[in-house]
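Q: I've got a protein on my screen and no clue where to begin. Can you walk me through it?

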Amino acid sequence: MPKAKIIGSGFYVPEKIVTNADLEKMVETTNEWIVSRSGIRERRVTDEKTLTSELAFRAAQNALKSAKVNVDYIELILVATTSPDSLFPSVACILQDKLGAKDIPAFDVSAACAGFNFALAAASAFIESGQYNNILVVGADTLTKHLDWTDRGTCVLFGDGAGAMVLSASNDNDGILASHLGAEGEGGKFLIMPTKGCITMEGKEVFKFAVRALEKSVIEVLNKAGLTLNDLDLLIPHQANIRIIDHVAKKFGLPSEKIFVNLDKYGNTSAASIPIAFNEAMSAGRIKKGDVVVLAGFGAGLTYGANVIRF
Ligand SMILES: CC(C)(COP(=O)(O)OP(=O)(O)OC[C@H]1O[C@@H](n2cnc3c(N)ncnc32)[C@H](O)[C@@H]1OP(=O)(O)O)[C@@H](O)C(=O)NCCC(=O)NCCS
């Protein structure tokens, strides 16, 4: 059975930086509070005209360039997003048109901050089954367009961005080894973005879920691949909050060199957070040939999911 191998990746974030000092002028908060409770120092924010598909397009172009393939190579486009330009057409279809990809299927995956791992798991299953050989997977969100900028409990946490990977069928012993996905619909009420209106969140409930879900998905996905924490070279968790990551790192006894964190620069970019972090981990030389890397996300739904990859 072929495995899904990452042959290229890219990301894109908007230029505009909003710092904690900027937020101090907008709501009753302090840099100290935001850093100590979340680890976030700044985030990128789109202008009004720039929609999710534009971020997805730029990240996809960078991923195709890194994979050294042109768009004709791609047989399927999956976009993980919960902040689409419109309810329809999907961001994936808008992206297909922007890229000039003809006659290939394209659809969105809606699993909030866990979305990229859901899309990656779907892509891996399509490749293993032989249905498609070459798939573009994108995670893109502009949640800042759906924030109440007077609600200090949510507006300090999120940012915009996009990340993408090109996956191809491979008969080598590397690629996505296993995926593990889950959902807890009964917790949906804790983190909601209505079709009209802004994001509301019960932070403490989401925090408890996030710690539990991250821990569980990492262990389960490693188990599924016949591996243990001892085999793990790098964990790339969803970049929501440093305290969630620290809890799990402590529980697992993982040293900081085995965990990648960049949420201080981007905040929580939802479905884009893991592919952006993956790209920065690659550029920083944190992933070497043969390494076992786990990507693990959690988010609204409530949803959680992880993929384990050998490079
Ligand atoms: C949001 C979060 C940082 C809040 O931290 P917390 O320790 O739970 O804080 P609380 O919600 O108990 O709020 C404590 C106080 O800080 C206040 N507060 C909230 N946001 C604040 C801010 N930006 N600046 C200053 N004070 C703030 C609250 O109003 C509250 O004040 P009160 O005690 O007078 O009512 C934390 O719950 C969290 O990280 N949750 C998970 C969020 C997440 O990751 N969501 C995305 C998942 S994909």
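A: Sure! Keep in mind that this is a predicted model. A good way in is the ligand: the shell around the ligand takes at least three residues from each of domain 1 (3–170) and domain 2 (175–310).

Q: How many residues surround the ligand, and which are the closest?

A: There are 20 residues around the ligand, and T29, R152, G203, F207 and A240 are the closest. Next, see which elements they sit on: α2 (31–38), α6 (152–155), α7 (203–224) and β12 (292–299) each give two or more residues to that shell. The largest share, 5 residues, comes from α7.

Q: What classes of residue make up the shell around the ligand?

A: Sort them by class and you get 10 nonpolar, 7 polar and 3 charged residues.

Q: Okay, now the domains. How far apart are the centres of domain 1 and domain 2?

A: Taken over C-alpha atoms, the two centres are 15 Å apart. The contact takes 48 residues from domain 1 and 42 residues from domain 2. On the domain 1 side, the elements giving two or more residues are β1 (3–12), β3 (42–44), α5, β6 (134–142), α6 and β7 (160–170). That side divides into 22 nonpolar, 17 polar and 9 charged residues.

Q: You mentioned α5. How do I read a helix?

A: Start with the general idea: an α-helix has 3.6 residues a turn, so residues three or four places apart point the same way. Then try a length check. Helix α5 covers residues 115–128, and at 1.5 Å a residue its 14 residues should span 20 Å; the end C-alpha atoms are 20 Å apart, which agrees.

Q: Is α5 largely enclosed or open, and why?

A: Count its buried residues: 11 of the 14 are buried, so α5 is largely enclosed by the rest of the structure. Among them are G115, F116, F118, L120 and I127.

Q: What follows α5?

A: G130 does, and its phi is positive, near 85 degrees.

Q: Last one: D246. Where is D246 found, and is D246 buried or exposed?

A: Look in helix α8 (residues 242–252) for D246. As for burial, it's in between: D246 has 15 C-beta neighbours inside 10 Å, so it counts as partly exposed; a buried residue would need 20 or more. You can also compare sequence with space: D246 and N171 are 75 residues apart in sequence, and their C-alpha atoms are 36 Å apart.

Terms used: Residues are numbered from 1 along each chain as its sequence is written. This is a predicted model: local features need pLDDT of at least 70, side-chain atom pairs count only at pLDDT 80 or more; totals for chains, interfaces and linings use all residues. A residue is near a molecule or strand if its C-beta atom, placed from the backbone, lies within 6 Å of it. Helices (H or I, at least four residues) and strands (E, at least two) are DSSP runs, numbered from the N terminus. Ala, Val, Leu, Ile, Met, Phe, Trp, Tyr, Cys and Pro count as nonpolar, Asp, Glu, Lys and Arg as charged, and the others, Gly among them, as polar. Domain bounds come from an automatic or database domain assignment. The expected span of a helix is 1.5 Å times one less than its number of residues. A residue is buried if 20 or more other C-beta atoms lie within 10 Å of its own, exposed if 12 or fewer, and partly exposed in between; C-beta atoms are placed from the backbone. Two residues are in contact if their C-beta atoms, placed from the backbone, lie within 7 Å.
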